Amino acid sequence: MTAAEYPSDVPAAGASTEVVAVAKRRRFTTAYMQRIVREADACTAPGAIGALLRREGLYSSHLSKWRLSVAASDAAIPNTKRGPKPDAAKAVDRRVANLELTNEKLTKQLERAKLIIAAQKKLCNLLGLPPEDDSL
C-alpha cells in the first residue's frame, strides 16, 4: 500500500502522533487570591507587579477582579458554613416539644411515686407502725 491508500484515521509514516492537552479552567482558592492581592499591594518598584503576575502565570484582569472580591469580602465577613440556614422558629418548636416530653415523663414518675408512698402508708397502718412524716 502506498501513503495515498491509507485510511484517514491511520496516520502516515511521517505524521505526528502527539496528543495535545485539553485546556482546563483554573480554579483559585480564596486564600491564594488574598495572598496575591496583598503581595501586589506590597509591590513598590516599577515592574514588580508584572514580575509577580509572570511568576504566578496570571493576567492583570485576574488581579483587578480579585482586588474587588477581596475588598468586598473584607467589608462583609462571609458565612463559611454551607447548607440551609438554621430556622429560629423550628428551634423553638423543637425545644417546646422536648420540654413537653420531659414534663410528661416527670409527671408519670411523680404519679408512680405517689402510688408507692400511699401503699407504704397503708402497709404501716396494717402493721401498726407509726407514720414518720406526712409532708408529701
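Start by selecting R67, which is partly exposed at a relative accessible area of 34%. Keep in mind that this is a predicted model. Residue R67 opens the tour because it lies in helix α3 and pairs with D41 in helix α1, tying together parts that are 26 residues apart in sequence.

**Stop 1: R67 and D41**

Add D41 to the selection. R67 and D41 form a salt bridge, with their closest N and O atoms 3.4 Å apart. D41 is exposed, with a relative accessible area of 51%. That value counts as exposed because the cut-off is over 50%.

**Stop 2: the whole chain**

Zoom out and colour by secondary structure. You will find four helices and zero strands. From the N terminus on, the order is α-α-α-α. Now colour by burial. Of the 136 residues in the chain, 9% are buried. Switch on a surface. The chain exposes about 12,300 Å², and carbon and sulfur atoms supply 59% of that area. Then turn to contacts between residues at least 6 apart in sequence: 55% of them join residues at least 24 apart.

**Stop 3: the nonpolar core**

Select Y32, M33, I36, V37, A40, L52, L53, L58, L63, W66 and V70. These eleven residues make up the largest nonpolar core. Which elements give two or more residues to this core? They are α1 (30–42), α2 (48–56) and α3 (60–75). Helix α1 provides the largest share, five residues.

Stay in the core and pick M33. Beyond its neighbours within four places in sequence, M33 is in contact with F28, W66 and V70. Of these partners, W66 and V70 belong to the core list. Keep F28 and W66 selected for the next stop.

**Stop 4: the aromatic cluster**

The structure holds three aromatic pairs. Show F28 and W66 as sticks. Their ring centres are 4.9 Å apart and their planes stand at 70°, so the pair is edge-to-face. F28 lies in the segment before α1 and W66 in helix α3, so this pair ties together parts 38 residues apart in sequence. Are the two residues buried or exposed? F28 is partly exposed, with a relative accessible area of 24%. W66 counts as buried, at 7% relative accessibility.

Next, add Y32. The rings of Y32 and W66 have their centres 6.0 Å apart and their planes at 80°, so this pair too is edge-to-face. Y32 lies in helix α1 and W66 in helix α3, so the pair ties together parts 34 residues apart in sequence. Y32 counts as buried at 18% relative accessibility, because the cut-off is under 20%.

View the three residues together. Ring pairs link F28, Y32 and W66 into a cluster.

**Stop 5: the salt-bridge network**

Hide the rings and show charged side chains. Side chains of opposite charge can pair when their charged atoms come close. How many salt bridges does a search of the whole structure find? The search finds five.

Select E39 and R55. Their side chains meet in a salt bridge at 2.9 Å, N to O. E39 lies in helix α1 and R55 in helix α2, so the pair ties together parts 16 residues apart in sequence. E39 is partly exposed, with a relative accessible area of 25%. R55 counts as exposed, at 55% relative accessibility.

Keep R55 and add E56. E56 forms a salt bridge with R55, and the closest N and O atoms are 3.4 Å apart. E56 is partly exposed, with a relative accessible area of 23%.

Now add R35. A network of salt bridges links R35, E39, R55 and E56.

**Stop 6: the leucine patch**

Move to helix α4 (residues 88–127) and select L123, which has its place there. What is the relative accessibility of L123? L123 is at 48% and counts as partly exposed. Extend the selection to L126, L127 and L129. With L123, these residues make a nonpolar surface patch of about 450 Å².

**Last view**

Put three selections on screen together. Show the eleven-residue core, with its largest share from α1. Show the ring cluster of F28, Y32 and W66. Show the network of R35, E39, R55 and E56. Then bring back R67 and D41, the salt bridge where the tour began.

How values were computed:
Residues are numbered from 1 along each chain as its sequence is written. Side-chain values use heavy atoms; hydrogens and water are left out. Buried means under 20% relative accessible area, exposed over 50%, partly exposed in between (1.4 Å probe, protein chains only). Contact means heavy atoms within 4.5 Å. Accessible areas come from the Shrake-Rupley method with a 1.4 Å probe; for residues, only the protein chains shown count as cover. Patches are made of residues with over 30% relative accessible area and no salt bridge: like charges are joined within 9 Å, nonpolar side chains (Val, Leu, Ile, Met, Phe, Trp, Tyr) within 5 Å. A salt bridge is a side-chain nitrogen of Lys or Arg within 4 Å of a carboxyl oxygen of Asp or Glu. A nonpolar core is a set of buried Ala, Val, Leu, Ile, Met, Phe, Trp, Tyr and Cys residues joined through side-chain atoms within 4.5 Å. Rings of Phe, Tyr and Trp (its six-membered ring) pair if their centres lie within 6.5 Å; planes under 30 degrees apart count as stacked, over 60 as edge-to-face and the rest as tilted.
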